[in-house]
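Colleague: Can you walk me through this one? Start with how the helices cross.

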Amino acid sequence: HLEYPNFLEERWYFEAVVDTYTREIANFEKWLQDKVDFRITISLTPPLIAMMKDSLLQERTLRHIEELIKLAEKEYDSAHSKLSPWEHTVSIHLSELRQSREIFLRYGKDLTNAYRRFQDLGFIEIITCGATHGYLPLMSAFPEAIRAQLGVAVNQYKEVFGRSPRGIWLSECAYIPGLDGFLKEFGINYFITDTDAL
C-alpha cells in the first residue's frame, strides 16, 4: 500500500520475517557451521517471493524490526531496573530480534538470497505454488488459466533461483485427475497433496 506508511495487512509479513524466516535461516547457518548434513523441502509461494523481493516491503520490514528492537530495549530496561523475573525472558527476545535484523541485513534485505544460497549448497529444496495461490480444480474448464498459474510460477522461480522447480505445493493441496499432465508440461516432477486427493 504505497499510499500509507503503515498498513495493518502488511504486518503478517513482517511478523513472518521476524518469527519464522530469519529464525529458520539462523538455524540453517548454525547447522552449516556445525557440519550438520540436513535436508529440508520448503515451499515459497510466488506472492511470498514477490514480497521478499519488493524494495518498499524490504524497507518497511527493516523499520518494523527496528521498532520491535526499540520496544524490547525499553522492556529490558524496565525489567532490569525493577529486578523483574521477566528480565531473562526479555533479554532472550531482544537477542533474537537483533539476530533477525542482522540476518535480514546480511542477505541484503532480500531473504530469497538466503534460501537460494542453501538450495545451491544442497541442503534445502524450494518448491513453488500456483502464481496467485489459485485453486486449480476450479480452473479445470479453463486450461489456459491453469497454464498461467503454473507458467508464471515457474518463470519467477527460474528468475529468482536460477533453475526450474522440481516440485510444487498444490494450493490447498487440491488435486484433480489430469492436473499431473499440466505439471509435467512445466517440468514439475512431484507435487504435495493430501490423502483425500489420493
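Modeller: The crossing of H1 and H3 is right-handed (the near helix is turned clockwise from the far one by less than a right angle). This is a predicted model: local features need pLDDT of at least 70, side-chain atom pairs count only at pLDDT 80 or more, and totals for chains, interfaces and linings use all residues. Residues are numbered from 1 along each chain as its sequence is written, and side-chain values use heavy atoms, without hydrogens and water.

Colleague: Which residues of H1 and H3 make the contact?

Modeller: From H1, Arg11, Tyr13, Phe14, Glu15, Val17 and Val18. From H3, Leu57, Arg60, Thr61, His64, Ile65 and Leu68. Contact means heavy atoms within 4.5 Å.

Colleague: At what angle do H1 and H3 pack?

Modeller: About 65°, with the axes 10 Å apart. That makes H1 roughly perpendicular to H3 (65 to 115 degrees).

Colleague: New topic. Is threonine 22 buried or exposed?

Modeller: Threonine 22 counts as buried (under 20% relative accessible area, 1.4 Å probe, protein chains only), because its relative accessibility is 1%. Threonine 22 sits in helix H1.

Colleague: What does threonine 22 touch?

Modeller: Leaving out residues up to four places away in sequence, Val17, Ser100, Ile103, Phe104 and Leu111. A polar atom of the threonine 22 side chain also lies 3.3 Å from the backbone oxygen of valine 18.

Colleague: And where is glutamine 156 found?

Modeller: In helix H6, residues 143–161. Glutamine 156 is buried, at 18% relative accessible area. Its side chain reaches the backbone oxygen of proline 46 at 3.1 Å.

Terms used
Axes fitted to C-alpha atoms, helices over the stretch in contact; angles between N-to-C directions. Helix = DSSP H or I, 4+ residues; strand = E, 2+ residues; numbered from the N terminus. Parallel < 35°, antiparallel > 145°, perpendicular 65-115°, else oblique. Buried < 20%, exposed > 50% of the residue type's maximum accessible area, 1.4 Å probe, protein only. Polar contact = N/O pair within 3.5 Å; in protein donor to acceptor, adjacent residues only side chain to side chain.
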